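Student: Please take me slowly through one part of this model and its surroundings, as I am new to it. I would like one connected account, with each term explained where it comes up.

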Amino acid sequence: MSRVLFITSDYPEDGKGNLYYDLVSEFVYNDNIVDVIVPQERKYKKKNTMLKSNNLTVFRVRYLNFRGKVSVIEKGIATIIQGHFYKWIVKKYFNNKYDIVICATLPISYRPVFQYVKKKHKTYTYLLHKDIFPQSAIDLGILKHKSILYKFFRRMESRLYDKSDKIGVMSKKNIDYLVLNNPRLPINKFEICVNSIIPKAVHEIATLIESRKTTRKKYHLPIEDTIFIYGGNISRAQGIQFIYSVLPEFSKMIGAHLLFVGSGNEFDNLKNNIIENKYENVTIISKVEKSEFDMIVSACDVGLVFLDYKFTIANIPSRSLTHMEFRQPIIAATDEYTDFRDFIIYNNIGLWSPSNDVSAFLENVKKYIENKSLIKEQGENARAYLEKNMNTKISYLTIMKNLNKAGNIHEE
């Protein structure tokens, strides 16, 4: 039994199927005591809440706004001081002797809380690294490489790595990038800790799929067409200009429907574009609760992943896990650096094209429209791969083996 502190800015209340919610559930299932700290943006006007259940405590604490359309100044301050904020919360509410503290990026400002628990209790620190910032901001043109702000965040990033006993990343290319750009760090500081969820049972998915026609009618989706769904954040990182280029060509396709479900800085612009151009076979829906999203996914056929072509770091989108869970193949339009491309091709769970080639993307769409057996084959492959290689049990064991080696586990 271990005492675990888990800090993340993504821990939804209806979170089954969320990376971090499921990982925490796995820790609790294995008889560990877990305290979760999650910031609650002030725009929602909610009070601090602390919920305790068996070995799990979840503290949702009021904080500055840092997502979506918020002031750049407020978002910047929220990002920079977040680690100090967590340190204060730990000292005031959770001053326990933890065996391990796990923090998930973004942000990259966890160093103060890592430093505090290491100094006080020699706690093992584990960084779940899901976004290599500030390089991601450089790729998207948000920051300039020689700017003072970039140098400030780069220093913050380096200091966080120094205080991390282990850094779990999503793929081998993440390790390659971090080792190349942080040569003073030992290579054994990094390991692959895959994106993972607790897959829904087959009978749960079957029940949702039984309502497929009802769900399509509810959201005014065509009953017979092949529906391609993108769910998640809609922002610059998704290569929004590429999506705009796809839409007029996709609108000419027969037997295909494109569905967007999500939120983000570019959501309103995308919605207005769809409405203004009167695309009859394109639908956009605002972000819904996870249970409702799963119902929508179950009524669709193929999952979509978009990433900006300019990325020079390997992104492995977690949204793909839901499609794999529901036996859906994936069409990915991404940069050429990411090994997500190799992942879906090598395991025969989808099709890929570069996110600067509209024709190649549409050819992949056409393959699924004309070959329903390919949807079934690759969908089955996706589910099988998820169960074997991207189950939360694997991420849990990856993290715990480090704790076992460090000898931090103690009996209560």
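Tutor: N54 is found in the loop between strand 3 and strand 4, where strands (E, at least two residues) and helices (H or I, at least four) are DSSP runs, numbered from the N terminus. The model is predicted, with local features needing pLDDT of at least 70 and side-chain atom pairs counting only at pLDDT 80 or more, while totals for chains, interfaces and linings use all residues. Residues are numbered from 1 along each chain as its sequence is written, and side-chain values use heavy atoms, with hydrogens and water left out.

The phi angle of N54 is near 50°, a positive value in a residue other than glycine. With 80% relative accessibility, N54 counts as exposed (exposed is over 50% relative accessible area, buried is under 20%, and partly exposed lies in between, with a 1.4 Å probe and protein chains only). Another positive phi in a residue other than glycine belongs to K45, at a value near 55°. K45 sits in the loop between strand 2 (33-41) and strand 3, and at 72% relative accessibility K45 is exposed. Most residues other than glycine have a negative phi, and most peptide bonds are trans.

The peptide bonds themselves also deserve a look. A cis peptide bond joins T105 and L106, with omega about -10°, and a cis peptide bond also joins L106 and P107, with omega about 10°. L106 is found in the loop between strand 5 (100-104) and helix 3 (111-121), and P107 lies in the loop between strand 5 and helix 3 as well.

Strands 3 and 4, which flank the loop of N54, return in the second largest pocket. About 530 Å³ of space lies in that pocket (a pocket is an open set of points on a 1 Å grid over the protein atoms alone, with protein on both sides within 12 Å along at least five of seven lines; a cavity is a set where a 1.4 Å probe fits but cannot get out; lining residues have an atom within 4 Å of a point). Volume here is the space filled by probe spheres set on the points, which are joined across faces, edges and corners. The pocket is lined by 25 residues, and E13, K16, Y21, D22 and S25 lie nearest its centre. Helix 1 (19-29), strand 3 (49-53) and strand 4 (56-63) are the elements that give two or more residues to this lining. By type, the lining residues divide into ten nonpolar, five polar and ten charged (Ala, Val, Leu, Ile, Met, Phe, Trp, Tyr, Cys and Pro count as nonpolar, Asp, Glu, Lys and Arg as charged, and the others, Gly among them, as polar).

Helix 1 has a part in an enclosed space too. The structure holds two cavities of 30 Å³ or more, and about 60 Å³ of space lies in the largest one. Helix 1 and helix 16 (392-406) are the elements that give two or more residues to the lining of the largest cavity, and helix 1 gives the most, with three residues. The lining of the largest cavity includes L19, Y20 and L23, as well as K130. Its residues divide into five nonpolar, four polar and one charged.

K130 is also among the residues that line the second largest cavity, as are H129 and D131. About 50 Å³ of space lies in this second cavity, and its lining divides into five nonpolar, three polar and two charged residues.

Strand 2, which borders the loop of K45, pairs with strand 1 in the parallel sense over five bridges (two strands pair if DSSP finds at least two bridges between them). V4 stands opposite V34 in strand 2. Five of the five residues of strand 1 (residues 3-7) are buried, so strand 1 is largely enclosed by the rest of the structure. In a regular strand the side chains alternate between the two faces of the sheet. Both faces of strand 1 are covered, with R3, L5 and I7 buried on one side and V4 and F6 buried on the other.
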